[in-house]
Amino acid sequence: MAHTAGGSLRFGIDEKKLAAVWEYRTSPLYTEAERVALDFTIDAAAQPNSVTEESFAKLKRHWSEGQIVEIVGVIALFGFLNRWNDTLATPLGEEPIEIGEKYLASHGWHVGKHG
């Protein structure tokens, strides 16, 4: 999570928007298309996977087939990396720890075994 939060800042996401990610469903900083993509991401990352035909139908209203493939690819890649890094307790660098503490800790994130 901390790497992704840091990456979003490097790719131009405004700090206020990142800070509001926990309230994306109601925050005026997020578009309907972004809300649908984030809901889909939560469904796809759930164990077991909870993506439904309705999830895809909502996604298709806002995103092209190519964009959906990219969204699913990112979800799958990060799912793999999260499991890899969690299993191996990969240490986090200074920057991800700082970002995690600033944007994620108030919602339960902690460096844990990655410190």
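Visitor: Where in the protein is confidence lowest, and where is it highest?

Guide: Confidence bottoms out in α1, at a mean of 90, and peaks in helix α3 (residues 32-45), at 97. That is pLDDT, the predictor's confidence in each residue, from 0 to 100. Over the protein the mean is 94, and 100% of the residues reach 70 or more. This is a predicted model, where local features need pLDDT of at least 70, side-chain atom pairs count only at 80 or more, and totals for chains, interfaces and linings use all residues. Residues are numbered from 1 along each chain as its sequence is written, and side-chain values use heavy atoms, with hydrogens and water left out.

Visitor: What makes L29 partly exposed?

Guide: Buried means under 20% relative accessible area, exposed over 50%, and partly exposed in between (1.4 Å probe, protein chains only). L29 has 41% relative accessibility, so partly exposed is the label. You'll find L29 in the loop between α2 and α3. Helices here are DSSP runs of H or I, at least four residues long, numbered from the N terminus.

Visitor: Which residues does L29 touch, beyond those up to four places away in sequence?

Guide: K16, K17, A20 and E34, where contact means heavy atoms within 4.5 Å. K17 sits 12 residues from L29 along the chain, yet their C-alpha atoms are separated by 6.0 Å.

Visitor: Which residues of α6 are buried?

Guide: In α6 (residues 94-104), they are P96, I97, I99, G100, Y103 and L104.

Visitor: How do you know that those buried residues line one face of the helix?

Guide: Look down the axis of α6: the buried residues fall within an arc of 165°, so they line one face. The arc is taken from the directions from the helix axis to the C-beta atoms. E94 and K102, on the other side of α6, are exposed. The buried residues pack against α1 (2-10) and α2 (15-19).

Visitor: Why is the set with A2, A5 and W109 called a nonpolar core?

Guide: The name fits because a nonpolar core is a set of buried Ala, Val, Leu, Ile, Met, Phe, Trp, Tyr and Cys residues joined through side-chain atoms within 4.5 Å. A2, A5, L18, L92, I97, I99, Y103, L104 and W109 form the largest one, 9 residues in all. Two or more residues come from each of α1 and α6, and α6 gives the largest share, 4 residues. A second, separate core has 8 residues, including V36, A44, L59 and I71.

Visitor: What does I97 contact, leaving aside neighbours within four places in sequence?

Guide: I97 is in contact with L92, W109 and V111.
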